[in-house]
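Welcome, and please open your viewer. We will go from stop to stop, selecting a few residues each time and looking at what is there.

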Amino acid sequence: WRTKELEPASTSIVDREASLEVAYSKIEKDLILVGASAVEDKLQQQVPETIAKLRQAGIAIWMLTGDKQETAVNIGFSCKLIDQTQQLYDLDCDSLESTKTRLNSIKEEVEPLIKQGKPIAMIITGRTMKFVFKQTTR
């Protein structure tokens, strides 16, 4: 179906741009983008603006860092990964059981916010990630 729509639009002599826009809007729909990018310690030019635009487009972004939690939050704000409109949740647990309990608590708080379209962000410490992965793989 891609060829059926895209090829005639791309070779059109009349209103090519408009035809391509229509074809792209049909093709670029309900996609799941999976990708990775790395940013060095020094914040590069245009990173905050790019992240803000990706978030506006509804793309979920994860930041993994070896920094302390407070430093990670500060970096998140400076690169516009998180902002003042988001409800922040932290997950810092030392066992699988406490991780389950905290995740269930967060889930109860977050579900109504998500239904209302309110933005959220979660800060997970490195020591807790192993428990999160165990929880989600079961």
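Which residue with a positive phi follows helix 4? Select Lys80: this residue comes after helix 4, and its phi is near 65°. Keep in mind throughout the tour that the model is predicted.

**The whole protein**

Now zoom out and show the cartoon. You can find six helices and two strands, and reading along the sequence gives the pattern α-α-α-α-β-α-β-α. The protein has 138 residues, and 22% of them are buried. Its exposed surface comes to about 10,900 Å², with carbon and sulfur atoms supplying 52% of that. Take the contacts between residues at least 6 apart in sequence: 56% of them join residues at least 24 apart.

**Helix 4**

Select residues 69–78, which form helix 4. Its buried residues are Ala72, Val73 and Gly76. They sit on the same side of helix 4, because they cover an arc of only 100° around the axis. Add strand 2 to your selection, since the buried residues of helix 4 pack against this strand.

**The two strands**

Stay with strand 2, residues 120–124, and show its side chains. Which of them are buried? Ala121 and Ile123 are, and they point to one face; Ile120, Met122 and Ile124 point to the other face and are not buried. This is a pattern to remember: side chains in a regular strand alternate between the two faces of the sheet.

Next, add strand 1, residues 87–91. The two strands run parallel and are joined by five bridges. For one pair to look at, select Leu91, which stands opposite Ile124 in strand 2. Then bring in helix 5, residues 96–115. Together, strand 1, helix 5 and strand 2 form a right-handed β-α-β unit.

**A buried threonine**

Move to helix 6, residues 126–136, and pick out Thr128. Is Thr128 buried or exposed? Its relative accessible area is 0%, so Thr128 is buried. Leaving aside residues up to four places away in sequence, Thr128 touches Leu91, Asp92, Cys93 and Thr99. You have already met Leu91 as the residue opposite Ile124.

**Two cysteines**

From that list, select Cys93, and then add Cys79. Cys93 has a relative accessible area of 8%, so it is buried. Cys79 counts as buried too, because its relative accessibility is 5%. How many disulfides does a search of the whole structure find? The result is zero.

**Helix 3 and an exposed isoleucine**

Select residues 47–56, helix 3, whose buried residues are Val47, Pro48 and Ile51. These residues lie on the same side of helix 3, because they cover an arc of only 95° around the axis. Helix 4 is among the parts that cover them. Turn the view to the face of helix 3 that looks away from this buried side, and you will find the exposed residues Lys53 and Gln56. Gly58 follows helix 3 and has a positive phi, near 85°.

For the last stop, select Ile32, in the loop between helix 2 (16–27) and helix 3. Its relative accessibility is 77%, so Ile32 counts as exposed. Add Ile59, which is 27 residues away along the chain: the C-alpha atoms of Ile32 and Ile59 are separated by 8.9 Å.

Key:
Residues numbered from 1 in each chain as written. Predicted model: local features only at pLDDT ≥ 70, side-chain atom pairs only at ≥ 80, totals over all residues. Heavy atoms only, no water. Buried < 20%, exposed > 50% of the residue type's maximum accessible area, 1.4 Å probe, protein only. Helix = DSSP H or I, 4+ residues; strand = E, 2+ residues; numbered from the N terminus. Pairing = 2+ DSSP bridges. Right-handed = clockwise from strand over helix to strand, strands pointing away. Disulfide = S-S within 2.5 Å. Contact = heavy atoms within 4.5 Å. Areas by Shrake-Rupley, 256 points an atom, 1.4 Å probe, with all protein chains shown as cover. Arc of directions from axis to C-beta.
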